[in-house]
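What can be said about the strands and the nonpolar core of a structure that one meets for the first time? The report below goes through them in turn.

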Amino acid sequence: MPQQLQGLIIPIGFLVVFYIFAIRPQKKREQQVREMRDNLRVGDEIITIGGINGKVIKVKEDFITIEVGSSKTKLDMARWSVGSVVNKNESKKSKDEEVDTKEEDK
């Protein structure tokens with residue numbers, strides 16, 4: 001009986017280590033990407049997964065419209081195609097709150 005338990009301990013240990021180092025970090029990264037895509041706002045500068053740089057000019061449910069190049073070409077793209085946000089456009093309200101907190105600290 002104890003020999004059978006020893007035979008199970010090693011595979012279970014490998015599964016635990018695999019979960020800690022592979023599955024858990026991947027799920028965390030997917031959650032961060034999902035939040036980034038859900039929080040896209042007009043004015044954000046983005047890079048798509050295809051390497052296109054642009055500025056968000058319209059946000060819909062599943063699609064965004066970006067402006068690219070000096071000719072300001074407009075492209076409609078799926079939200080899932082956004083790879084990263086380069087410059088986050090902060091609203092005027094959040095900037096005003098930062099100024100207020102700095103003034104209160106003085």
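The text that follows describes a predicted model, beginning with its sheet and ending with a loop residue.

Five strands make up an open sheet, arranged in the order β4-β3-β2-β1-β5, and their pairing is antiparallel. At the edges of this sheet lie β4 and β5, each of which pairs on one side only. Averaged over the sheet and with direction ignored, neighbouring strands are turned by 45 degrees against each other. Strand β2 and strand β3, which run antiparallel, are joined by four bridges, and V56 stands opposite I66 in β3.

The residue ranges of some of these strands are set out here.

| Strand | Residues |
|---|---|
| β2 | 53-59 |
| β3 | 63-68 |
| β4 | 73-78 |
| β5 | 82-87 |

The largest nonpolar core has 10 residues, among them V33, M36, L40, V56, I64 and I66. Two or more residues of this core come from each of α1 (2-38) and β3, and β3 gives the most, with three residues. One member of the core is I64, and, when residues up to four places away in sequence are not counted, I64 touches L40, I46, V56, K58, V59, L75, D76, M77, R79 and V82.

Turning to the loop between β4 and β5, one finds S81 there. Is S81 buried or exposed? With a relative accessible area of 9%, S81 is buried, because buried means under 20% relative accessible area. Leaving aside neighbours within four places in sequence, S81 is in contact with T48 and I49.

Conventions
Residues are numbered from 1 along each chain as its sequence is written. This is a predicted model: local features need pLDDT of at least 70, side-chain atom pairs count only at pLDDT 80 or more; totals for chains, interfaces and linings use all residues. Side-chain values use heavy atoms; hydrogens and water are left out. A nonpolar core is a set of buried Ala, Val, Leu, Ile, Met, Phe, Trp, Tyr and Cys residues joined through side-chain atoms within 4.5 Å. Buried means under 20% relative accessible area, exposed over 50%, partly exposed in between (1.4 Å probe, protein chains only). Contact means heavy atoms within 4.5 Å. Two strands pair if DSSP finds at least two bridges between them. Axes are lines fitted to C-alpha atoms, for helices over the stretch in contact, and angles run from 0 to 180 degrees between N-to-C directions.
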